[in-house]
Each structure stands twice: as C-alpha cells, then as structure tokens.
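Student: Please take me through one part of this model slowly. I would like to see how a single piece sits among its neighbours.

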Amino acid sequence: MPNELFDMMFKQHRAFFDQKILGDGPRSFWDQVKDNDPRLHNSPLVHVRDWKNRAVPLTIFGDGVSSTRAGNSLHCLCWGSMLGSGWSQDSVFLAAGWPKGACAVRDKHGVSALDVLWSWLRVGFDALFHGQHPSNDPEGMPLRNELAGKSIADGEYFGVVWGIAADLEYAAN
C-alpha cells in the first residue's frame with residue numbers, strides 16, 4: 001500500500017525519503033502552481049493546514065509491457081513523488097502488477113479484479129491524503145493491523161495525487 005511505503009521511508013530511511021520524495025520540498029512545487037489551476041478549484045487540499053509546505057504531489061503511472069503471448073500483456077501500476085531527484089529506478093514504486101489475461105472480469109466471473117485492486121489503492125491514496133493509516137478496508141470492515149488509525153510521516157507530510165499518466169500499452173488495454 002502506498003501509505004505504508006511512504007510512512008516507512010519517512011521513519012526508517014529518512015535520507016532516502018528526503019531525496020526521492022521531498023526533493024527541494026513541497027513549497028518549491030506549489031509556488032509554481034497558479035492559483036487558478038483547475039485542480040485546486042473546490043479541492044479539499046487548499047483547506048489543509050500549511051498544505052504548501054506539507055503536501056507531496058504524487059503521480060500514478062500505468063505501464064503495460066507486451067508479452068510473448070498474443071493479446072496478453074503485463075500491467076503495472078506505479079507511483080512516485082513529483083519532487084524527487086535521481087534515477088527513476090529509485091523513485092518510482094510498484095503498487096501492483098498483474099498479467100492481463102489472469103484478471104477476473106465482471107462479465108465472465110461476476111467480479112472485476114481491477115475494481116478490487118483500484119478499491120484498495122484508493123484506500124491507500126486516501127490515507128496518504130488524510131495523513132492517517134486506514135482503519136477500514138474498501139468494504140468498510142475494520143483492518144486489524146498495527147498501523148490502523150496511526151499518523152503517516154508523524155503528521156509532517158502527506159501525499160496528494162496530482163498527476164495520472166499511462167503508456168500506450170496500458171491505456172489501450
């Protein structure tokens with residue numbers, strides 16, 4: 001889950017977090033965003049205390065890789081900070097990966113594996129935005145883990161999905 005990795009890097013690998021997640025700091029990014037940017041219109045972000053110094057802008061990236069099997073591909077969802085520096089191998093983090101042909105689809109199986117996957121990722125990214133590990137799963141059932149309800153990054157930073165991108169292979173499938 002992205003919230004767990006963000007928190008773990010902050011608490012256990014602070015120098016790495018500072019370089020790959022914070023870069024020059026959130027303020028350097030937000031000062032370049034115009035006040036009339038449509039992503040800020042009616043956004044809960046602008047109501048968070050000291051958001052320009054604490055909100056780390058994140059990107060989610062969908063990546064598809066053709067496989068040798070006709071009509072199939074490996075799909076990956078990654079995330080990363082828009083502030084980090086250095087090699088992308090060090091600053092883009094795998095959230096999920098799956099072979100397209102192995103996914104349950106609603107029409108055939110009665111449930112969509114991608115819907116389930118995205119519901120869990122939404123919980124993780126929502127937690128990052130609110131700065132607190134989730135207490136409930138996507139179905140509203142209580143999570144029984146040691147992080148449930150605890151603050152992320154000691155309340156110093158939180159994440160906000162600011163960009164979404166995909167390569168052609170992922171977007172076409």
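Tutor: Strand β2 (residues 73-81) pairs with strand β3 (residues 92-99) in the antiparallel sense, over 7 bridges; two strands pair if DSSP finds at least two bridges between them. Helices (H or I, at least four residues) and strands (E, at least two) are DSSP runs, numbered from the N terminus. This is a predicted model, where local features need pLDDT of at least 70, side-chain atom pairs count only at pLDDT 80 or more, and totals for chains, interfaces and linings use all residues. Residues are numbered from 1 along each chain as its sequence is written, and side-chain values use heavy atoms, leaving out hydrogens and water.

Within the β2–β3 pair, L74 faces P99 of β3. β2 has another partner, strand β1 (residues 55-66), again antiparallel and joined by 9 bridges. In that pair, L58 lies opposite S81 of β2. Of the 9 residues in β2, 8 are buried, so the rest of the structure largely encloses this strand; buried means under 20% relative accessible area, with a 1.4 Å probe and protein chains only.

β2 also helps to cover helix α1 (residues 2-12). The buried residues of α1 are P2, N3, F6, D7, M9 and F10. Down the helix axis they fall within an arc of 160°, so they line one face of α1; the arc is taken from the directions from the axis to the C-beta atoms. Their cover includes β1, β2 and β3, together with α2, α7 (113-130) and β4 (158-166). As for α2, its R14, F16, F17 and I21 meet F6, M9, F10 and Q12 of α1, where contact means heavy atoms within 4.5 Å.

Terms used. Axes fitted to C-alpha atoms, helices over the stretch in contact; angles between N-to-C directions. Buried < 20%, exposed > 50% of the residue type's maximum accessible area, 1.4 Å probe, protein only.
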